[in-house]
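Subject: Structure handover

Dear colleague,

Please find the structure below. My notes on what turned up in it follow.

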Amino acid sequence: MKHLTTRAVAACATALLAVGGVTAVATTASAADPVGLHVEGTRLVEENGTPFVARGVSHAHTWYVSETPRAIPAIRAAGANALRVVLSNGTRWTRNDAADVANVISLCRTHQLVCMLEVHDTTGYGEQAGAATLAQAADYWVGLRSTLQGTEDFIQINIGNEPYGNNETVSAQWAADTSAAIRTIRAAGLRHNIVVDAPMWGQDWRGIMRDQAPTVAAADPDGNVLFSVHMYGVYAQASTVTAYLDAFAAKGLPLVIGEFGHDHSDGNPDEDTIMAEAQRRGVGYYGWSWSGNGGGVEYLDMVTAFDPARMTSWGTRIFAGANGIRATARTATFFGGSTPTPTPTATPTVTPTPTVTPTPTATPTATPTQNPGGACTATLRITGSWPGGFQGAVEVKAGTAGTRAWRTQFTLPSGASVSQGWSGAFSSSGGTVTVTNAAWNGTLGAGQTTSYGFIGSGTAPTGTVPVACS
């Protein structure tokens, strides 16, 4: 995931504190006629000019596709206004095709999240065997043109994750390769805000992006490039964090902290300064990551096994801590500008983070209610509660014939009601709640599952809540 040599760590302080391809047909677009999210000076703003400051996390969709319908609404319910989504162009992992990406986009819109989509296959090019080039990543985005067009208000294109490792000769091509990729994307008619990651595993410890960002910004005929730095072990000192942010402010260029953690194998980032400075300066940030980490960095999981009720110490810090997501996130005005209702937790559950497998198994707290026709079963479980409110999740499982649509119904205790729901269409009559499928999760193969969730007001139910499913 994130790698840095000992030599690089030793060299980073001096390097950072010293602040200082393909021919594409030009488009007719210009910075004078922005579409959706776009750059104005050092800020990312919406089409109406309202600044948008991302307060989000990353979700490893390409490795955990089956978890995405649960993860996206849970991330939103936890308070985020933005999400960074891991995709693959097929170079290293299974390609996320147009239908899959369209589903992700639909989930982002439904749950009022500004989503930054990124190709992860470029990670560590020049040092990581089999990594994709930025040109290959750009071609992937061009191939998704029809899927992406019309989503400029809430979708950003992050061309490629951490597109170079620590090979300085290869990383020296960052500006030229990034500029060429931008021109390829613009020539295809895509008008989205483009996000470009720094070289050197995203941490830019040689200051390549810092110094050459003006050249890359000038390569975009739309003038709509956002620069992204990843802050891990290189940024262990407050002075290093502030020096890097100062450098972009001095150049009048926009910056986002596209990834950061509370700890890492290459050093201990100063997450307190990262979050405090981001809030003070109006800079967006995305923590890594919601769940599913392995390979020795399981401590970067914010929730255990994709279960929002099992928040880790890192999750508690970024969502509920000082300058955290819940206190600082503001929903994009494109969605109406409402602030998400966070999931209160009187006493957050902090558990050790085990290695998560691609198909984690949750133990339900209720017994599934079998529909007489065998079309589907449904299980309701309470995932969290607090004085005056609670959060619930319902898993729907298709029977042997599968489903083209489904309808569930359950009854809450007297005085309780659903105040917010996701991944389904909700209606209520007294304490009886009826939920039908959303447009994207009604068709299930035999034995397949999907889920929806809700925030309730009043007293949480106890024991088994029967759920009828048809």
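Cys 376 and Cys 469 are both buried. In this predicted model, the two are joined by a disulfide with an S to S distance of 2.0 Å. The link is left-handed, with -110° about the S-S bond of Cys 376 and Cys 469. Cys 376 belongs to strand 12 (residues 376–386) and Cys 469 to strand 19 (residues 468–469), so the pair ties together parts that are 93 residues apart in sequence.

The count of disulfides comes to two. The other one is formed by Cys 108 and Cys 115, whose sulfur atoms are 2.2 Å apart. Its torsion about the S-S bond is about -95°, so the disulfide of Cys 108 and Cys 115 is left-handed. Cys 108 is buried at a relative accessible area of 0%, and Cys 115 is buried with a value of 0%. With the bonded cysteines numbered in sequence order, the pairing reads 1-2, 3-4.

For the chain as a whole, the secondary structure consists of twelve helices and 19 strands. The chain has 470 residues, and 55% of them count as buried. Its accessible surface is about 17000 Å², with 52% of that belonging to carbon and sulfur atoms.

Next, the nonpolar cores. The largest has 95 residues, and those that touch the most other members are Leu 117, Trp 141, Ile 159, Phe 227 and Trp 290. A second, separate core has 20 residues, among them Val 433, Val 435, Ala 460 and Val 465.

What does Trp 290 contact, leaving aside its neighbours within four places in sequence? One group of its partners comprises Val 57, Ser 58, Ala 71, Ala 74, Ile 75 and Ala 78. The others are Asp 301, Met 302, Val 303, Phe 306, Pro 308 and Phe 319.

Phe 319 also appears in the list of buried residues of helix 11 (residues 313–320), together with Trp 314, Gly 315, Arg 317 and Ile 318. Against which elements do the buried residues of helix 11 pack? The strands are strand 3 (55–59), strand 9 (255–260) and strand 10 (285–287). The helices are helix 2 (68–77), helix 10 (271–281) and helix 12.

On aromatic rings, the structure holds 17 aromatic pairs. In one of them, the ring centres of Phe 260 and Trp 314 are 5.7 Å apart and the planes stand at 85°, so the pair is edge-to-face. Phe 260 is in strand 9 and Trp 314 in helix 11, so this pair ties together parts that are 54 residues apart in sequence. Both Phe 260 and Trp 314 are buried.

Phe 334 and Phe 335 make another edge-to-face pair, at 5.1 Å centre to centre and with 70° between the planes. Are these two rings' residues buried or partly exposed? Phe 334 counts as partly exposed, with a relative accessibility of 30%, whereas Phe 335 is buried at 12%. There is also an aromatic cluster formed by Phe 227, Tyr 235, Tyr 244 and Phe 248. Phe 227 from this cluster is one of the residues named above for the largest nonpolar core.

Two polar sites are worth listing. The first is Arg 281, which is found in helix 10 and is partly exposed, with a relative accessible area of 26%. Not counting residues up to four places away in sequence, Arg 281 touches Thr 242, Leu 245 and Asp 246. With Asp 246 there is a polar contact of 2.8 Å between the side chains. The side chain of Arg 281 also makes a polar contact with the side chain of Glu 277, again given as 2.8 Å. Arg 281 and Arg 43 are 238 residues apart in sequence, and their C-alpha atoms are 9.9 Å apart in space.

The second is Thr 331, placed in the loop between helix 12 (325–328) and strand 11 (369–370). Thr 331 is buried, since its relative accessible area is 6% and the cut-off for buried is under 20%. Its side chain is joined to that of Arg 76 by a polar contact of 3.3 Å.

Regards

Key. Residues numbered from 1 in each chain as written. Predicted model: local features only at pLDDT ≥ 70, side-chain atom pairs only at ≥ 80, totals over all residues. Heavy atoms only, no water. Helix = DSSP H or I, 4+ residues; strand = E, 2+ residues; numbered from the N terminus. Buried < 20%, exposed > 50% of the residue type's maximum accessible area, 1.4 Å probe, protein only. Areas by Shrake-Rupley, 256 points an atom, 1.4 Å probe, with all protein chains shown as cover. Polar contact = N/O pair within 3.5 Å; in protein donor to acceptor, adjacent residues only side chain to side chain. Disulfide = S-S within 2.5 Å. Contact = heavy atoms within 4.5 Å. Phe/Tyr/Trp six-rings, centres within 6.5 Å; stacked < 30°, edge-to-face > 60°. Core = buried A, V, L, I, M, F, W, Y, C linked by side-chain atoms within 4.5 Å.
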